[in-house]
Amino acid sequence: MQTIAILGSTGSIGTQALELVRLHPEEFRVVALTARSSRKKLFEQVREFRPEVAGLTEPIPMSEIPEDVRFCRWVMGEEALRVAAAEVPADMVLVSVVGIAGLQSVMDALGANRQVLLANKEALVTGGHLVMDAAKRIGKPILPVDSEHSAIFQCLQGAGGNQPVRLLLTASGGPFRTWTREQMQNATRAQALKHPNWSMGAKITIDSATMMNKGFEVIEARWLFDTPCDRINVVVHPESIIHSVIAQLACPDMREPIQFAIGFPERLPLANKKLDFAELGGITFFKPDTEKFPALALAYKAMERGGNIPCALNAANEAAVAAYLHDRISFYWITDIVGECIECTPFIKEPSVEDIFKTNEEIYSLAQRKIEGIAKKG
Ligand code: NDP
Ligand code: MG
């Protein structure tokens, strides 16, 4: 029996992880669940999975917690993440919160000697060197949940310790792959949220539409597999079947990589749709269009400069995506703002955790000021 803490349990990854736990009650026990504000969903999860700890990062008074879920310890505010990551005893911690909130949680979990299953990519984008050092210190590899990285990790299991020379990340191209730049200029939030292959949280879905998601994944792969960015390439592959090369092939279904991480080194049975090659017919590849998707080039540039610049990239992107999701700016402002912000970030070569959070705050507010200016002009 393995115990697991799930941070961000009400999200797309969190609920799919719980779906897998539900299928294997004799193998996994949930010890902690956290959400930001989805209280109703969290109460239901607590009723079903009966963790020792539950928490909301946006605090509510204890009086608003129903009687029948008060059996567990409730923690409110940021403290909820820390307790779930590091205080409640757990064999595994699944970090599936969105945004830079994931960085502190990963560091806390590693500091407490926990096996980290990592869905949150912003932690590696902003503080990859810190996360990898901490994982090395405790001698536990980070188990990636992001599908491409899970695929590479799975492929490397058979590589006998040989380092890959080149990594190839596949990208679906998102909802705007066949759109022109002019059409994308006025893309509505609803159009950007309609991903052709994956059903995911809102923030990562917008990141997929700009392809910042793939840029983040290049940085993520750089850290997870200790491979310089110039040896990591992106290829557009609309079917989302090949997740990396050496190929690991599967239908686009996040339960595949989640099951691999939670069951590792064993594979849990999964009754999902299996790949049918005859039905698939063909598999296609394209070169990514960095003019239509400047985010990808920005991510490479940020990683080449290194230090705190990828953190600035993430901070500006978080602010801009939130503004886009609130209909405050149009689509290309997202990458324009990110580009402007990374240009004026004071450079720190080897940022500490504090430097990372300081850069995050400064660049997030800088991006917000830019957004105010744009929104005022209408
Ligand atoms: P969702 O938006 O669906 O869920 C996010 C979860 O985190 C929710 O439980 C949410 O609570 C909670 N949360 C949101 N903001 C905060 C915060 N500031 N502090 C603490 N908790 C917070 O996201 P996804 O599940 O789609 O993605 C989670 C992470 O995994 C992201 O980093 C994403 O990039 C990565 N990922 C996701 C994939 C996917 O298929 N969804 C694929 C690969 C990677 P509440 O419900 O209350 O808002
Ligand atoms: Mg991915």
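This briefing covers the overall fold, the surroundings of ligand 1 and the packing of helix H4. The model is predicted. The chain has 378 residues, of which 56% are buried, and it contains 16 helices and 10 strands. Ligand 1 has 25 residues around it, and the protein buries 89% of the 900 Å² that the ligand exposes when taken alone.

**Overall fold**

- The radius of gyration of the chain is 20 Å; this agrees with a compact globule, because a globule of 378 residues would have a value near 21 Å.
- Measuring along the principal axes, the C-alpha trace spans about 55 × 50 × 40 Å.
- Of the contacts between residues at least 6 apart in sequence, 67% join residues at least 24 apart.
- The exposed area of the chain is about 16400 Å², and 52% of that area is supplied by carbon and sulfur atoms.

**Surroundings of ligand 1**

- Thr10, Ser37, Ser38, Glu122 and Gly201 come nearest among the 25 residues around ligand 1.
- Sorted by class, the shell around the ligand holds 10 nonpolar, 11 polar and four charged residues.
- Serine 38 contributes through its side chain, where an N or O atom lies 2.6 Å from an oxygen atom of ligand 1.
- Glycine 11 contributes through its backbone: an N or O atom there is 3.1 Å from an oxygen atom of the ligand.
- Glycine 8 also has a polar backbone atom in such a pair, at 3.2 Å from an oxygen atom of ligand 1.
- With the protein in place, 89% of the ligand's 900 Å² is buried.

**Helix H4 and its packing**

- Helix H4 runs over residues 101–111 and is mostly covered, with eight of its 11 residues buried.
- The buried positions are Gly102, Leu103, Ser105, Val106, Met107, Asp108, Ala109 and Leu110.
- These buried residues pack against three strands and three helices: strands E1 (2–7), E5 (92–95) and E6 (115–118), together with helices H3 (79–87), H5 (122–138) and H16 (353–377).
- Just after H4, asparagine 113 adopts a positive phi of about 70°.

Definitions and conventions:
Residues are numbered from 1 along each chain as its sequence is written. Chains are lettered from A and ligands numbered from 1 in the order in which they are written. This is a predicted model: local features need pLDDT of at least 70, side-chain atom pairs count only at pLDDT 80 or more; totals for chains, interfaces and linings use all residues. Side-chain values use heavy atoms; hydrogens and water are left out. A residue is near a molecule or strand if one of its heavy atoms lies within 4 Å of it. A polar contact is a pair of N or O atoms within 3.5 Å; within protein, one must be able to donate a hydrogen and the other to accept it, and residues adjacent in sequence count only if both atoms are side-chain atoms. Accessible areas come from the Shrake-Rupley method with a 1.4 Å probe; for residues, only the protein chains shown count as cover. Ala, Val, Leu, Ile, Met, Phe, Trp, Tyr, Cys and Pro count as nonpolar, Asp, Glu, Lys and Arg as charged, and the others, Gly among them, as polar. Helices (H or I, at least four residues) and strands (E, at least two) are DSSP runs, numbered from the N terminus. The radius of gyration is taken over C-alpha atoms; the globule rule is 2.2 Å times the number of residues to the power 0.38. Buried means under 20% relative accessible area, exposed over 50%, partly exposed in between (1.4 Å probe, protein chains only). Contact means heavy atoms within 4.5 Å.
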